[in-house]
Amino acid sequence: MDTLKAILSRRSIRKYSGKDIPGEYYEIMLKAAMQAPSARNRQPWHFIIISDKIVMNRLADSNTSWRMLAQADKAIVVGGDTDTEDAESFLIQDCSAATQNLLLAAHELGLGAVWLGVHPREDRVQEIRRALSLPSRITPVSMISVGSPDEERQAEDRFIGERIHFDRW
């Protein structure tokens with residue numbers, strides 16, 4: 001799949017068949033994530049792969065937006081290390097770029113995935129911190145639910161020309 005096709009056809013997938021995903025697929029997704037651009041090349045990201053079904057179910061029950069975790073193969077939390085990146089705004093941008101790369105890699109591999117918002121919602125940040133015993137220097141930015149898709153979603157044309165401005169507003 002070429003890059004533009006992947007970007008234009010990727011959709012959030014929240015329903016999974018329960019089929020196991022080969023472990024090497026996770027390595028491919030994480031390699032793609034780590035190729036993301038980062039401010040001053042600090043690469044502040046850490047990735048926590050969650051496969052423990054008890055933890056996944058606990059997270060699914062903790063937030064209605066995270067319910068699909070109960071059927072997912074795994075979840076991946078992207079966290080930024082405040083010891084690596086001194087400006088939190090760059091940490092958030094860097095981890096967000098890594099998240100998008102991971103989602104595109106999952107799409108290329110034929111997997112279903114959805115970006116589950118964590119930061120800046122403090123209740124969500126704290127839930128992830130507790131569930132995963134994160135050190136205080138790690139800021140959880142996003143969580144990605146990954147599974148074998150059990151739904152097909154068509155690409156949408158989201159282009160809105162009125163939101164493009166040249167030189168001035």
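Contact here means heavy atoms within 4.5 Å, and in this predicted model that criterion shows which elements the helix α5 packs against: its buried residues pack against β1, α3, β2, β3 (112-117) and β4.

**The sheet**

The strands named above belong to an open sheet of 4 strands in the order β1-β2-β4-β3, with antiparallel pairing. Because β1 and β3 stand at the edges, each with a single partner strand, one side of each is left without a neighbour in the sheet. Neighbouring strands of this sheet are turned by 25° against each other on average, when direction is ignored.

Strand β4 is joined to β2 by 8 bridges and to β3 by 6 bridges, and both pairings run antiparallel. Of the 10 residues of β4, 10 are buried, so this strand is largely enclosed by the rest of the structure. Several residues that stand opposite a residue of β4 are set out below.

| Residue | Residue opposite, in β4 |
|---|---|
| A75 | S145 |
| A113 | V146 |
| G117 | S142 |

**Helix α3 on the sheet**

Helix α3 packs on the sheet, where it touches β1, β2 and β4, and its direction makes about 105° with that of β1. In this helix, which spans residues 53-62, the buried residues are V55, M56, L59 and A60. Seen down the axis of α3, these buried residues fall within an arc of 135°, so they line one face of the helix. An α-helix has 3.6 residues a turn, so residues three or four places apart point the same way. The face of α3 turned away from the buried side carries the exposed residues I54 and D61.

The partners of the buried residues of α3 are β1 (45-50), β2 (74-81), α5 (122-132) and β4 (138-147). The N-terminal end of α3 is capped by D52, a side-chain oxygen of which lies 2.8 Å from the backbone nitrogen of I54; I54 is thus named both in this cap and among the exposed residues of the helix.

**Helix α5**

Helix α5 lies across β1, β2, β3 and β4, and runs at about 80° to β4. The buried residues of α5 are R124, V125, E127, I128, R129, A131 and L132, a list that includes the charged residues R124, E127 and R129 as well as V125, I128, A131 and L132. The packing is recorded from both helices, since α3 appears among the elements that the buried residues of α5 pack against, and α5 appears among those that the buried residues of α3 pack against. After α5 comes S133, whose phi is positive, near 55°.

**The site around D81**

Residue D81 is found in strand β2, and with a relative accessible area of 5% this residue is buried, the cut-off for that term being under 20%. A polar atom of the side chain of D81 lies 2.8 Å from the backbone nitrogen of D83. When residues up to four places away in sequence are not counted, D81 touches P44, H46, L91, R137 and I138.

Methods:
Residues are numbered from 1 along each chain as its sequence is written. This is a predicted model: local features need pLDDT of at least 70, side-chain atom pairs count only at pLDDT 80 or more; totals for chains, interfaces and linings use all residues. Side-chain values use heavy atoms; hydrogens and water are left out. Buried means under 20% relative accessible area, exposed over 50%, partly exposed in between (1.4 Å probe, protein chains only). Helices (H or I, at least four residues) and strands (E, at least two) are DSSP runs, numbered from the N terminus. The arc is that of the directions from the helix axis to the C-beta atoms. A polar contact is a pair of N or O atoms within 3.5 Å; within protein, one must be able to donate a hydrogen and the other to accept it, and residues adjacent in sequence count only if both atoms are side-chain atoms. Two strands pair if DSSP finds at least two bridges between them. Axes are lines fitted to C-alpha atoms, for helices over the stretch in contact, and angles run from 0 to 180 degrees between N-to-C directions.
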